[in-house]
Amino acid sequence: MDILTRQRGDGAPEPGDTALKSGDTALGPDGTALRHVDRIAGVGLLDGRVVDVDISGGVVVAVTEAVTEAVTEAGDAGVDITGAPGAAVVDGRGYLALTAPAEPHAHLDKAMSWGATRPPGCDLGAAIDAWRAFAVTVDQDEIYERARVAARRLVSNGTTAVRTHVDLHTEGDPLRGIRALVRVRDELADVLDLQIVVMVRDEDPADRARAAIAAGADLIGGAPHIAPDTAAETHRLIDLAEELGTGIDLHVDEFLDGDHGMLTAFTDRVASWEPGRIRTAGHCCRIGSMDATGQAAAATALSGADVGVVTLPVTNLYLQGRTECTSTPRGLPPVRALLDGGVTVAAGADNVRDPFNPVGRSDAIETAMLLVVAAHLDMDTAWHLVSDGARDVMGLPPAGPVPGRRADLLLVRASGLDDVIAEAPADRIVLRAGRVVSARAAVVVDPFLTQASNRSSVLQEAP
């Protein structure tokens with residue numbers, strides 16, 4: 001039996017040390033050696049149980065009550081952490097097992113570019129202008145490096161699946177962003193499921209979109225609401241998806257006022273698509289400024305067409321409502337009304353530290369917290385939107401600590417979901433398909449020098 005656990009106290013690992021040792025050569029984003037796990041012992045669940053989670057072939061095969069033996073001085077329940085000889089067992093005591101988050105709407109090709117662009121606080125139009133001015137200066141390698149950093153941060157925080165939108169370019173190689181993200185996808189294939197959506201603008205010819213799909217993009221995307229003819233562009237992009245046999249993920253009505261909405265044209269067209277074919281509407285800010293009748297009608301249209309909605313609180317709270325001096329709108333769709341209307345809803349971070357949003361931690365817990373604050377959701381629903389709901393919208397198989405589900409799991413050192421969302425604990429172990437892809441623990445630094453040591457600091461694991 002091989003118990004995988006961090007040593008506490010004086011034996012705490014130095015920063016950069018791997019938490020789990022292995023003979024495997026593949027490494028996760030934080031340097032953790034990738035290890036297949038047979039059992040997670042003594043881990044907590046959302047319903048309050050303490051269980052052993054058995055994993056085989058990347059799937060959870062059993063969840064059984066852990067045997068409580070004693071209570072340690074630290075207050076942790078002492079549980080049976082034995083396993084079959086040679087089994088790899090994670091010591092889950094003190095951790096809560098959650099479905100690993102999925103990020104249903106990112107822009108990895110733009111991520112981490114704020115330092116190079118630094119536009120003033122701006123609305124959507126100004127952010128688009130700032131990005132386009134910067135985009136002409138970047139090559140494939142530059143996009144790859146930033147996207148790779150952002151993707152690795154997502155994994156280290158617990159996310160095991162990402163859907164990213166990627167721009168086409170007018171100058172130089174129009175596919176350099178797509179090629180960069182395909183490279184990231186290939187490199188991180190052991191730790192992350194990465195879906196690529198090509199962002200087709202109204203000035204992009206159809207052949208450019210076709211070339212992007214041929215180069216490795218998975219879905220057709222775009223933002224018809226900013227095109228001169230919103231309806232015509234919506235139909236053009238759906239025509240392309242139907243021609244190429246792909247799903248579609250569009251930026252839908254990312255504005256608060258106006259009569260150029262595309263929602264009806266979108267839902268009417270894809271309502272006849274076969275079940276299971278991806279059709280996603282991101283943002284949908286305009287629905288949030290409708291009255292109750294309009295919101296109910298939008299929910300009916302979205303549910304009837306089986307269109308998944310992705311709300312993106314951090315970016316839309318930043319971009320939207322800048323012209324209002326009183327009663328500033330939140331820039332979000334009416335999430336609770338959509339859920340009550342039978343719509344599949346997910347939540348994501350969207351842009352991270354780029355002209356569209358200068359902040360963000362690449363952490364689904366941050367998104368869940370904003371849903372509680374800005375969308376007035378309860379903790380359980382907020383977490384559902386960044387985990388199971390996100391996976392539903394992305395067309396991924398169910399995951400979590402439930403028999404028969406894929407073993408994409410996030411273990412967080414916390415006593416309950418309220419602690420997770422309120423505190424975003426640093427101690428996390430991330431599993432993708434039953435394999436540890438990241439493990440980390442917080443440290444506290446002693447700022448005082450002592451005569452007994454010429455080290456500048458003493459590191460211990462945080463309690």
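**Why these words fit this model**

Modeller: Leaving aside neighbours within four places in sequence, N316 is in contact with E254, H283, C285, R330, G331 and L332. Keep in mind that this is a predicted model.

Biologist: Thanks! Where does N316 sit, in a helix or in a loop?

Modeller: N316 belongs to helix α9, residues 313-319. In sequence N316 is 33 residues from A349, and their C-alpha atoms are 9.5 Å apart in space.

Biologist: And why does N316 count as buried?

Modeller: Buried means under 20% relative accessible area. N316 has 0% relative accessibility, so N316 counts as buried.

Biologist: One of the contacts of N316 is H283. What makes the phi of H283 worth a look?

Modeller: Most residues other than glycine have a negative phi. H283 is not a glycine, yet its phi is positive, at about 75°. H283 lies in strand β15, residues 279-283. With 1% relative accessibility, H283 is under the 20% cut-off and therefore counts as buried.

Biologist: Which other residue other than glycine has a positive phi?

Modeller: D253, with phi near 45°. D253 is found in the loop between β14 (247-252) and α7 (263-270). At 4% relative accessibility, D253 counts as buried too.

Biologist: What does H225 touch, not counting residues up to four places away in sequence?

Modeller: H225 touches L124, T230, H251, V252, D253, E254, F255, H260 and M262. H225 is placed in the loop between β13 (219-222) and α6 (230-244).

Biologist: H225 is in a loop; how do you know whether H225 counts as buried or exposed?

Modeller: We set the value against the cut-off again: the relative accessibility of H225 is 5%, which is under 20%, so H225 counts as buried. For the protein chain of 463 residues, 56% count as buried.

Biologist: Let's turn to helix packing. Why is α3 called oblique to α4?

Modeller: The axes of α3 (residues 140-157) and α4 (residues 176-187) cross at roughly 40° and come within 8 Å. Angles under 35 degrees would count as roughly parallel, and 65 to 115 as roughly perpendicular. The angle of roughly 40° fits neither class, so α3 is oblique to α4. The crossing of α3 and α4 is right-handed.

Biologist: Which residues make that contact?

Modeller: From α3 they are Q140, D141, I143, Y144, A147, R148 and A151; from α4 they are R176, G177, R179, A180, L181, R183, V184 and E187. By class, the residues of this contact are 7 nonpolar, 2 polar and 6 charged.

Biologist: What makes α5 oblique to α6?

Modeller: Helix α5 (residues 206-215) packs with α6 at an angle of about 45°, and the axes are 11 Å apart. About 45° is again outside the ranges for roughly parallel and roughly perpendicular, so α5 counts as oblique to α6. The crossing of α5 with α6 is right-handed. A206, A209, R210 and I213 of α5 meet R236, L240, E243 and L244 of α6. This contact has 5 nonpolar, no polar and 3 charged residues.

Biologist: Now the sheets. In the open sheet of 8 strands, what is the strand order?

Modeller: The order is β10-β11-β12-β13-β14-β15-β16-β17, with parallel pairing.

Biologist: Why do we say that β10 and β17 stand at the edges?

Modeller: Because β10 (102-106) and β17 (345-347) each have a single partner strand, one side of each is left without a neighbour in the sheet. Neighbouring strands of this sheet are turned by 25° against each other on average, direction ignored.

Biologist: How do you know that β16 and β17 pair?

Modeller: Pairing needs at least two bridges. Strand β16 (residues 308-311) has 3 bridges to β17, in the parallel sense, and so they pair. The bridge partner of T311 in β17 is A347.

Biologist: What makes β3 mostly covered?

Modeller: In strand β3 (residues 39-44), 5 of the 6 residues are buried. β3 and strand β4 (residues 50-56) run antiparallel and are joined by 4 bridges, while β3 and strand β8 (residues 88-91) pair in the parallel sense over 3 bridges. R39 has D54 as its bridge partner in β4 and V89 in β8.

Key: Residues numbered from 1 in each chain as written. Predicted model: local features only at pLDDT ≥ 70, side-chain atom pairs only at ≥ 80, totals over all residues. Heavy atoms only, no water. Axes fitted to C-alpha atoms, helices over the stretch in contact; angles between N-to-C directions. Helix = DSSP H or I, 4+ residues; strand = E, 2+ residues; numbered from the N terminus. Parallel < 35°, antiparallel > 145°, perpendicular 65-115°, else oblique. Left-handed = near helix turned anticlockwise from the far one by under 90°. Contact = heavy atoms within 4.5 Å. Nonpolar A, V, L, I, M, F, W, Y, C, P; charged D, E, K, R; others polar. Buried < 20%, exposed > 50% of the residue type's maximum accessible area, 1.4 Å probe, protein only.
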